[in-house]
Amino acid sequence: MSFAVKNVLKKEINGTFKLVPQSPGRMPPHSTPAHRPQDLTVVKTVHCSTDDEEEDIMIDDETTPSNHSVSVKVKCSQKPKKDTLATKTGNEENKFLQYLELDPPLSSNKDGKSGRTPFTITKRLSKPSGSSFGFSIAWTHPPRVERVECGLPADQADLKPGDYVVFINKTNVVMMAEDDVMELIKSCGNQLSLEVYNKTTTTNRRRNQPPPRSASTPGVLSLAAAAVSQSDTTVSLQEPPRRRFHIPQVTFTSENLSGDMDSQLRWIHQLLTAEQQFVLCLQFGIGRYLLPLAERKDVLKSKEHAALFQNVQELLRTTEDTLERIIDNDWKMLARNTCKTYVKKIDQINGAYYKYCKGIIHADCVLVEKIRNSNFLELIKDPPIPDRRPDLITFIHKPLEHYRNILKCMQLIQINTEHDDEGFEALSHIVHEMQTTYRFITVESGLMEPEVDGKPLLSLNDLEARLVFTRCKPFTLNTPDRHWIFAGDLSRVEGRSVRSYWALLFSDILLFTKVSRDRVLFVTDEPLPLTSIAQTQFSVKKKDTEFRLVINNGSDTSSCHSSPAMTGCSPLFADLSGTLSRLPKNKGRVIVLRAPKAELKAVWQNLIQRQM
């Protein structure tokens, strides 16, 4: 059969027409009798130059018989007009969905009311061979469910028109092309698992949750935090319910923050993004490490378990409550609501983080001992950890890193708030309280901050602003791929002399500095690339605080300028004859380091070995 395309549409078009057979389920049951012969249904895929139409297609994984199909491609005589600004921004608020990642499937998700991301609901469709799933899709980004046929698998799975399809099985399809999505659906056979997003459904689900706990005065909050901390010594073996938060245009800052956005609001969004990501990290860590290890008392005793995970469940509850109080209020008053919420909860927040971070060193000591146990290693490594999910060492240190991040965000929110603003005084109080708590956490424990007084060093920018290069070539510290992991006092043994440094561990280098009274960081040696470390030796007889880094020969040659990281005749790479005499030849040079105490050596051991 053939016909002129101009008889189908009376306007210029650019696209494809496909004629496919009418299969059972494409129309409502009452209009498709069982004895009806297979008709030909036109499925339109078209971009018109005069009208912006959404592409619409019926989902069916059957292969179209060749004798019932024809494909006609037509090009317009004119070039299609460019999309208008409204077309480009129509679904802009949903573009953040392309960055979502799947959590491990929950065995308790039998009611279909939760999903594997904070914003989606899981829908599982199953159909007999030769039939249809019974829904159609409008080709937007992300793809949107257009119609759902009554009585078919999509309807039975409670799929609704207006749902956005984010994942098909394990594949994110938000920005995927139409043909690729169709091929993906066909490859799924008769079983289809969808992660769908619906703003209305997600909001209603959140509103149906129990109301947040009432706010209290600061004094009562301190007592409440103490009471919670006492109850947290016994770990619940039930996984806490995952509370979902709908934060429009906040989840992924790089995509959602426009150039003309108010600076204060920009950093509030950054703060809420960090808090939300922290919740996801804790939820994963509790389900992956805390609960399984609590059941294996033959591998990890109750006291060791309490020392390892401390009050991390309290941190999760506190962060979830903080987010929920902000989200439940009017988004037009975001700045005021954020400030009001943190003022009410600042004592509880500081108390929870102070208790946890003071125990990080003890947790590292327990971890160093337990890593020697093969059964423990098997539990924390099997099954493999998904990409972008924390391993156990990262999970243990995450709260301290996060507290540093939210303090930095609070400082920037305060800087970008007018002094006559009604929230400025409250923000100043929040920043002061957090800075005081951070000072107690870090300086008393020997973590992250030098002993001299001054404003806290919270980011790579803060560090770089205080660097002074003396006997080495200047370099850029703040690079996109570099992350600040840890800092603390270390002494370097050079023959018979011992020199004290404030050492900083980054994701790719180890940097030794001298700190002045006004917190200027003097860099006298070139940074040590972690890739140049061939071996670490943390078991040194009769020296509980000492460890050694063996530098491979390829990175340390006789020439002082042979490697960018080894330039300059620095004493750091001097020939340590007293140490080398105890090692076999060609093993590389050795850097001998000493921590202030054995517990801090355990922290360095975990973090350095993890980075290597």
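Axes here are lines fitted to C-alpha atoms, for helices over the stretch in contact, and the angle between two of them runs from 0 to 180 degrees between N-to-C directions. The exercises below concern a predicted model.

**Exercise 1. Determine how helix 7 and helix 12 are oriented to each other, and name the residues through which they meet.**

Step 1. Begin with the geometry: the axes of helix 7 (residues 263-294) and helix 12 (residues 374-381) come within 9 Å and cross at roughly 140°.

Step 2. Compare that angle with the classes, in which angles under 35 degrees count as roughly parallel, over 145 as roughly antiparallel, 65 to 115 as roughly perpendicular, and the rest as oblique. Helix 7 and helix 12 are therefore oblique to each other.

Step 3. Turn to the contacts, where helix 7 contributes Arg288, Tyr289 and Leu293, and helix 12 contributes Phe376, Leu379, Ile380 and Lys381.

Step 4. Follow the chain beyond helix 12 into the loop that leads to helix 13, where Pro383 lies; the peptide bond from Asp382 to Pro383 is cis, with omega near 5°.

**Exercise 2. Classify the ring pairs that Tyr403 makes with Tyr353 and with Tyr438, and state which parts of the chain they connect.**

Step 1. Rings of Phe, Tyr and Trp pair if their centres lie within 6.5 Å, and by this rule the count comes to eleven aromatic pairs.

Step 2. For Tyr353 and Tyr403, the ring centres are 5.0 Å apart and the planes stand at 45°, so this pair is tilted. Because Tyr353 belongs to helix 10 (residues 334-358) and Tyr403 to helix 13 (residues 392-415), the pair ties together parts that are 50 residues apart in sequence.

Step 3. For Tyr403 and Tyr438, the centres are 6.4 Å apart and the planes stand at 20°, so this pair is stacked. It links Tyr403 in helix 13 with Tyr438 in helix 14 (residues 424-445), distant parts of the chain that are 35 residues apart.

Step 4. Check the surroundings of each ring: a residue is buried when its relative accessible area is under 20%, so Tyr353 at 3% counts as buried, as do Tyr403 at 0% and Tyr438 at 1%.

Step 5. Put the pieces together: Tyr353, Tyr403 and Tyr438, along with Phe278, form one aromatic cluster.

**Exercise 3. Establish how far helix 11 is covered, and by what.**

Step 1. Count the buried residues of helix 11 (residues 360-370), which come to eight of its eleven, so that the helix is described as mostly covered.

Step 2. Identify them as Ile360, Ile361, Ala363, Asp364, Val366, Leu367, Val368 and Lys370.

Step 3. Look for the covering elements, which include helix 8 (302-309), helix 10, helix 12, helix 13, helix 14 and helix 17 (598-611).

**Exercise 4. Describe how strand 6 and strand 7 pair, and what lies between them.**

Step 1. Strand 6 (residues 135-138) and strand 7 (residues 144-148) pair in the antiparallel sense over four bridges, with Ser136 standing opposite Arg147 in strand 7.

Step 2. The connection from strand 6 to strand 7 is a hairpin of five residues.

Step 3. Pro142 has its place in the loop between these strands, and the peptide bond that reaches Pro142 from His141 is cis, with omega near 5°.

**Exercise 5. Asp158 and Arg519 each have a positive phi; decide for each whether the residue is buried, partly exposed or exposed.**

Step 1. Asp158, in the loop between helix 2 (153-156) and strand 8 (164-168), has a phi of about 65° although it is not a glycine. At 40% relative accessibility, Asp158 counts as partly exposed.

Step 2. Arg519, in the loop between strand 14 (509-515) and strand 15 (521-523), has a phi of about 70° and is likewise not a glycine. With a relative accessible area of 2%, Arg519 is buried.

**Exercise 6. Find the charged side chains that lie over Trp484 and Tyr501.**

Step 1. Over the face of Trp484 lies Arg404, at 4.9 Å from the ring centre.

Step 2. Over the ring of Tyr501 sits the charged end of Lys514, 4.8 Å from the centre of that ring.

Conventions: Residues are numbered from 1 along each chain as its sequence is written. This is a predicted model: local features need pLDDT of at least 70, side-chain atom pairs count only at pLDDT 80 or more; totals for chains, interfaces and linings use all residues. Side-chain values use heavy atoms; hydrogens and water are left out. Rings of Phe, Tyr and Trp (its six-membered ring) pair if their centres lie within 6.5 Å; planes under 30 degrees apart count as stacked, over 60 as edge-to-face and the rest as tilted. Helices (H or I, at least four residues) and strands (E, at least two) are DSSP runs, numbered from the N terminus. Buried means under 20% relative accessible area, exposed over 50%, partly exposed in between (1.4 Å probe, protein chains only). A charge sits over a ring if NZ of Lys or CZ of Arg is within 6 Å of the ring centre and within 35 degrees of the ring normal. Two strands pair if DSSP finds at least two bridges between them. Contact means heavy atoms within 4.5 Å.
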